[in-house]
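User: I am new to this structure and would like to understand how its charged side chains are described. Please show it to me before we begin.

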Amino acid sequence: MSPLWFYCFEGRKGGHKGRARQYTSPEEIDAQIQAEKQLAREEEEQEEGGDGAAGDPKKEKKSLESDESEDEEDDYQQKRKGVEGLIDIENPNRVAQTTKKVTQLDLDGPKELSRREREEIEKQKAKERYMKMHLAGKTEQAKADLARLAIIRKQREEAARKKEEERKAKDDATLSGKRMQSLSLNK
């Protein structure tokens, strides 16, 4: 007898994981998209009645260019997700990105700095001002440093004076000791 779980998998021998997958090449996908766009254009032309751009090649070019711009707008509309396509939202904070031509760019005019750049420059200037005042001794920290240095100088002077006195006392003691020895030897 075989266990019960064996019967569950009996009919699925060679499951889905081993099958060969079929991939669509990017060229085929592009061709399908172009064909769909072409069909959509033809349907629009039929709905319009086909009058206007049928005989004149210049008008055909213009209509193709307008179709391309409409396609770009359609792409934008398709990219909008959810309710955005149904509701026209005016966001005052949204900045519409406009592309400028090279001739429209003003390279000679003063550049506006970003907030971060302005803050960085202000920070550097404030640091320089503080360092100048610190070197002049006008800041609280500089005053505290100068007071601490004065105390340290006094302590060092006192330590040097004591050392000098101890050396002199030691010299006097050694001299007096030598005198005592010489006196004791002379007797």
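Analyst: What follows takes up salt bridges, exposure and a charged surface patch. This is a predicted model, in which local features need pLDDT of at least 70 and side-chain atom pairs count only at pLDDT 80 or more, while totals for chains, interfaces and linings use all residues. Residues are numbered from 1 along each chain as its sequence is written, and side-chain values use heavy atoms, with hydrogens and water left out.

User: Why is the contact between arginine 115 and glutamate 119 called a salt bridge?

Analyst: The term asks for a side-chain nitrogen of Lys or Arg within 4 Å of a carboxyl oxygen of Asp or Glu. The closest N and O atoms of arginine 115 and glutamate 119 are 3.2 Å apart, so the pair fits that definition. The structure holds 4 salt bridges.

User: What separates arginine 115 and glutamate 119 along helix α4?

Analyst: These two residues are 4 residues apart in helix α4, which covers residues 115–136, and therefore about one helical turn separates them. Helices here are DSSP runs (H or I, at least four residues), numbered from the N terminus.

User: How do you know whether arginine 115 is buried or exposed?

Analyst: Buried means under 20% relative accessible area, exposed means over 50%, and partly exposed lies in between, with a 1.4 Å probe and protein chains only. Arginine 115 has 48% relative accessibility, so this residue counts as partly exposed; glutamate 119, at 42%, is likewise partly exposed.

User: What makes Glu164, Arg167 and Asp171 a network?

Analyst: Salt bridges link Glu164, Arg167 and Asp171: glutamate 164 meets arginine 167 at 2.4 Å, N to O, and aspartate 171 meets arginine 167 at 3.7 Å, N to O. In helix α5 (residues 140–186), glutamate 164 and arginine 167 are 3 residues apart, whereas aspartate 171 and arginine 167 are 4 residues apart. Glutamate 164 is partly exposed at 33%, as are arginine 167 at 44% and aspartate 171 at 35%.

User: Why is the patch formed by Glu42, Glu43, Glu44, Glu45, Glu47 and Glu48 called negative?

Analyst: Asp and Glu count as negative, so a patch formed by Glu42, Glu43, Glu44, Glu45, Glu47 and Glu48 is a negative one. Patch residues have over 30% relative accessible area and no salt bridge, and like charges are joined within 9 Å. Glutamate 43, found in helix α2 (residues 26–48), has a relative accessible area of 49%, and therefore passes the 30% cut-off.

Methods. Patch = residues over 30% accessible without salt bridge, like charges linked within 9 Å, V, L, I, M, F, W, Y side chains within 5 Å. Areas by Shrake-Rupley, 256 points an atom, 1.4 Å probe, with all protein chains shown as cover. Charge placed at Lys NZ, Arg CZ, Asp CG, Glu CD.
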